[in-house]
Amino acid sequence: VAALASLVPSGAGWACAAVPRPLRPLGLKGVASLRTAAPGFEARYGFPLNLSSPSLNAGILLLNLEGWRRMPLTDEAEYWIRANNQKLAEGGKPWYTLGSQPPLELATRGLRMPCVHLPLQWHVGCLGCRKESQPSGAVVRAALALHWNGPRKPWPGEGPAGAGSKDVWRAHATVACSGHGRCDTEAQLCHCAPGYGGASCDIRQA
C-alpha cells in the first residue's frame, strides 16, 4: 500500500488512478470506443474529447474519495448514464456500449480530472482469458496486482476445467474452499463439510 500511495499526488487534486492502455486509445474502433460520444462531450464541456489519449484499464481502480467528493463526479457519471439510456430508448445510436467505464472516462475528462496513470505492473489482467490472450510468465511474475478477468476463473465453482493461470492462483490462494471443504481441482468444485454450502463453502447453513 505504501508503494502505491507514493505513485499518486497528496491531497484532493486527483480523483482516481488506474493503469492506461497505451495501445487502445479512446477513439479506437470497437466496443470500448468513445468516438460516438465525442460530439456530446464537446457540447457539454466546451472542448473536444482527446480520442488519441489512452483508455483506462479500470478493472483495478484506485479512488481518492476526498478528491471525488470535491468535484461533482458522481453527478457527471450519472448524467452520461441517463443520456446513454435516453439514446437507447429513442432508438438512436448510444453514446457508448461498454458497461460502466465510459461514464467514468467521460466524467473525469470532462471535469479535467482524468485518472492518474499507474505503472503497468499494477494491473496485469486477462488471466482468465483464452490461453493465447493471457500475459506471459515474465509479465505475471513482475506483476503487483493480478486480475482474472475473462470467463476462465481458476477458483472452485467458476470457469471451465483447465482454467486460466491456475498455478498462479494457487500460489496466492489462502485456504481452499474457505477451510470448510475439500477442493476438487480437476472438476473445479468444492465438496463442502456438513453445515456449509455455496460454491466456496463460505455459507454457514442452519
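**Exercises on a predicted model**

L65 sits in helix α3 (residues 65-70); helices (H or I, at least four residues) and strands (E, at least two) are DSSP runs, numbered from the N terminus. This is a predicted model, in which local features need pLDDT of at least 70, side-chain atom pairs count only at pLDDT 80 or more, and totals for chains, interfaces and linings use all residues. Residues are numbered from 1 along each chain as its sequence is written, and side-chain values use heavy atoms, with hydrogens and water left out.

**Exercise 1.** Decide whether L65 is buried, partly exposed or exposed.

*Solution.* Step 1: buried means under 20% relative accessible area, exposed over 50%, and partly exposed in between (1.4 Å probe, protein chains only). Step 2: L65 counts as partly exposed because its relative accessibility is 47%.

**Exercise 2.** Classify S53 in the same way, and locate it.

*Solution.* Step 1: S53 lies in the loop between α2 (38-45) and β2. Step 2: its relative accessibility is 11%, so S53 counts as buried. Step 3: G27 is 26 residues from S53 in sequence, and their C-alpha atoms are 8.2 Å apart in space.

**Exercise 3.** Find which strand or helix supplies the largest share of the lining of the largest pocket.

*Solution.* Step 1: a pocket is an open set of points on a 1 Å grid over the protein atoms alone where a 1.4 Å probe fits, with protein on both sides within 12 Å along at least five of seven lines; lining residues have an atom within 4 Å of a point. Step 2: β1 (16-25), β2 (54-63) and α5 (101-110) each supply at least two lining residues. Step 3: the largest share, six residues, comes from β1.
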